[in-house]
Amino acid sequence: MSTGAAGVLAWTGAATAVVAGLSLLGTGTVAHSRAATAADLAALAGADSLAAAGGEPCSIAAEAASRNGARLLQCELREWDVLVEVQVEASPLPPATAHARAGPGPTDLPVPPDPP
(Lines give C-alpha, C1' and ligand atoms only; values in the text may rest on other atoms or scores of the structure.)
Protein backbone atom coordinates (compact mmCIF):
# COMPACT_ATOMS: atom_id res chain seq x y z
CA MET A 1 0.00 0.00 0.00
CA SER A 2 1.35 3.40 -0.87
CA THR A 3 1.93 6.15 1.67
CA GLY A 4 -0.82 8.26 0.11
CA ALA A 5 -3.40 5.46 0.39
CA ALA A 6 -2.44 4.84 4.02
CA GLY A 7 -2.88 8.53 4.78
CA VAL A 8 -6.33 8.56 3.19
CA LEU A 9 -7.35 5.50 5.19
CA ALA A 10 -6.08 7.09 8.41
CA TRP A 11 -8.04 10.29 7.74
CA THR A 12 -11.15 8.30 6.81
CA GLY A 13 -10.88 6.29 10.03
CA ALA A 14 -10.39 9.43 12.10
CA ALA A 15 -13.36 11.15 10.44
CA THR A 16 -15.52 8.08 11.05
CA ALA A 17 -14.54 8.07 14.73
CA VAL A 18 -15.38 11.78 15.08
CA VAL A 19 -18.78 11.33 13.40
CA ALA A 20 -19.56 8.33 15.64
CA GLY A 21 -18.55 10.31 18.74
CA LEU A 22 -20.70 13.28 17.73
CA SER A 23 -23.60 10.92 17.05
CA LEU A 24 -23.33 9.46 20.57
CA LEU A 25 -23.10 12.95 22.03
CA GLY A 26 -26.23 13.94 20.14
CA THR A 27 -28.06 10.83 21.32
CA GLY A 28 -27.17 11.60 24.93
CA THR A 29 -28.17 15.25 24.62
CA VAL A 30 -31.54 14.40 23.08
CA ALA A 31 -32.22 11.74 25.72
CA HIS A 32 -31.37 14.14 28.54
CA SER A 33 -33.66 16.78 27.04
CA ARG A 34 -36.50 14.26 26.70
CA ALA A 35 -36.00 13.14 30.31
CA ALA A 36 -36.03 16.73 31.59
CA THR A 37 -39.22 17.52 29.67
CA ALA A 38 -40.94 14.34 30.87
CA ALA A 39 -39.91 15.06 34.48
CA ASP A 40 -41.24 18.62 34.31
CA LEU A 41 -44.55 17.50 32.84
CA ALA A 42 -44.92 14.62 35.29
CA ALA A 43 -44.29 16.89 38.28
CA LEU A 44 -46.73 19.49 36.97
CA ALA A 45 -49.42 16.87 36.35
CA GLY A 46 -48.94 15.44 39.84
CA ALA A 47 -49.04 18.89 41.45
CA ASP A 48 -52.18 19.79 39.51
CA SER A 49 -53.81 16.57 40.70
CA LEU A 50 -52.78 17.32 44.28
CA ALA A 51 -54.14 20.88 44.08
CA ALA A 52 -57.44 19.70 42.61
CA ALA A 53 -57.70 16.92 45.21
CA GLY A 54 -58.45 14.50 42.42
CA GLY A 55 -56.76 11.15 42.21
CA GLU A 56 -53.36 10.05 43.31
CA PRO A 57 -50.68 12.60 42.37
CA CYS A 58 -47.99 9.95 41.87
CA SER A 59 -50.15 7.77 39.62
CA ILE A 60 -51.04 10.86 37.56
CA ALA A 61 -47.32 11.74 37.39
CA ALA A 62 -46.51 8.19 36.24
CA GLU A 63 -49.09 8.40 33.47
CA ALA A 64 -47.74 11.78 32.33
CA ALA A 65 -44.19 10.42 32.29
CA SER A 66 -45.29 7.37 30.30
CA ARG A 67 -47.09 9.51 27.73
CA ASN A 68 -43.83 11.38 27.22
CA GLY A 69 -41.74 8.26 26.67
CA ALA A 70 -40.31 8.06 30.18
CA ARG A 71 -40.63 5.79 33.19
CA LEU A 72 -41.34 7.23 36.64
CA LEU A 73 -38.62 5.98 38.99
CA GLN A 74 -39.57 7.91 42.11
CA CYS A 75 -42.38 10.16 43.27
CA GLU A 76 -42.51 11.94 46.61
CA LEU A 77 -45.00 14.34 48.16
CA ARG A 78 -43.63 17.08 50.39
CA GLU A 79 -46.54 19.08 51.71
CA TRP A 80 -47.95 20.69 48.54
CA ASP A 81 -44.99 19.82 46.29
CA VAL A 82 -44.57 16.81 44.04
CA LEU A 83 -40.97 15.65 43.43
CA VAL A 84 -40.31 13.15 40.66
CA GLU A 85 -37.45 11.28 39.03
CA VAL A 86 -37.89 9.83 35.55
CA GLN A 87 -35.80 7.73 33.19
CA VAL A 88 -35.60 7.69 29.39
CA GLU A 89 -33.84 5.01 27.36
CA ALA A 90 -30.83 6.31 25.41
CA SER A 91 -29.55 3.17 23.70
CA PRO A 92 -26.66 2.47 23.17
CA LEU A 93 -25.85 4.81 26.06
CA PRO A 94 -27.06 4.29 29.64
CA PRO A 95 -30.57 5.60 30.36
CA ALA A 96 -30.92 9.33 30.99
CA THR A 97 -32.57 10.46 34.23
CA ALA A 98 -34.00 13.78 35.34
CA HIS A 99 -35.58 15.27 38.47
CA ALA A 100 -38.31 17.89 38.78
CA ARG A 101 -40.39 19.56 41.46
CA ALA A 102 -43.74 21.28 41.06
CA GLY A 103 -46.19 22.81 43.47
CA PRO A 104 -48.14 25.95 44.15
CA GLY A 105 -46.40 29.30 44.31
CA PRO A 106 -45.95 30.92 47.74
CA THR A 107 -49.02 33.10 47.26
CA ASP A 108 -51.17 30.09 46.33
CA LEU A 109 -50.55 28.13 49.53
CA PRO A 110 -53.40 27.81 52.01
CA VAL A 111 -53.09 30.37 54.77
CA PRO A 112 -53.23 28.94 58.30
CA PRO A 113 -55.62 30.69 60.69
CA ASP A 114 -54.13 33.36 62.96
CA PRO A 115 -53.31 32.09 66.44
CA PRO A 116 -55.68 33.25 69.20
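## Exercises on salt bridges, a helix and a hairpin

Arginine 78 and glutamate 76 are joined by a salt bridge in this predicted model, with 2.8 Å between their closest N and O atoms. Let's use this pair as a warm-up and go on from there.

**Exercise 1.** Find how exposed arginine 78 and glutamate 76 are.

*Solution.*
- Step 1: Recall that a residue is buried under 20% relative accessible area and exposed over 50%, with partly exposed in between.
- Step 2: Arginine 78 has a relative accessible area of 46%, so the residue is partly exposed.
- Step 3: Glutamate 76 has 29%, so this residue is partly exposed too.

**Exercise 2.** Work out which residues of helix 2 are buried and how they are arranged around the axis.

*Solution.*
- Step 1: Helix 2 spans residues 57–67, and its buried residues are Pro57, Ala61, Ala64 and Ala65.
- Step 2: These residues lie on the same side of helix 2, because they cover an arc of only 100° around the axis.
- Step 3: Keep the general rule in mind: an α-helix has 3.6 residues a turn, so residues three or four places apart point the same way.
- Step 4: Now turn to the other side of helix 2, where Ser66 and Arg67 are exposed.
- Step 5: Just past the end of helix 2, look at glycine 69, whose phi is positive, at about 75°.

**Exercise 3.** Explain how glutamate 63 and arginine 67 are placed for their salt bridge in helix 2.

*Solution.*
- Step 1: The two side chains meet at 2.7 Å, N to O.
- Step 2: Glutamate 63 and arginine 67 are four residues apart in helix 2, so about one helical turn separates them.
- Step 3: Check the surroundings: glutamate 63 is partly exposed at 39% relative accessibility, whereas arginine 67 is exposed at 66%.

**Exercise 4.** The whole structure holds three salt bridges; find the partner of arginine 101 and say which strands the pair links.

*Solution.*
- Step 1: The partner of arginine 101 is aspartate 81, with the closest N and O atoms 3.7 Å apart.
- Step 2: Arginine 101 belongs to strand 3 (residues 93–102) and aspartate 81 to strand 2 (residues 81–90), so the salt bridge links distant parts of the chain, 20 residues apart.
- Step 3: Arginine 101 is exposed, with a relative accessible area of 53%.
- Step 4: Strand 2 and strand 3 are themselves paired, in the antiparallel sense, over eight bridges.
- Step 5: Glutamine 87 faces threonine 97 of strand 3.
- Step 6: The two strands make a hairpin, with two residues between strand 2 and strand 3.

Technical notes:
Residues numbered from 1 in each chain as written. Predicted model: local features only at pLDDT ≥ 70, side-chain atom pairs only at ≥ 80, totals over all residues. Heavy atoms only, no water. Buried < 20%, exposed > 50% of the residue type's maximum accessible area, 1.4 Å probe, protein only. Arc of directions from axis to C-beta. Salt bridge = Lys/Arg side-chain N within 4 Å of Asp/Glu carboxyl O. Pairing = 2+ DSSP bridges.
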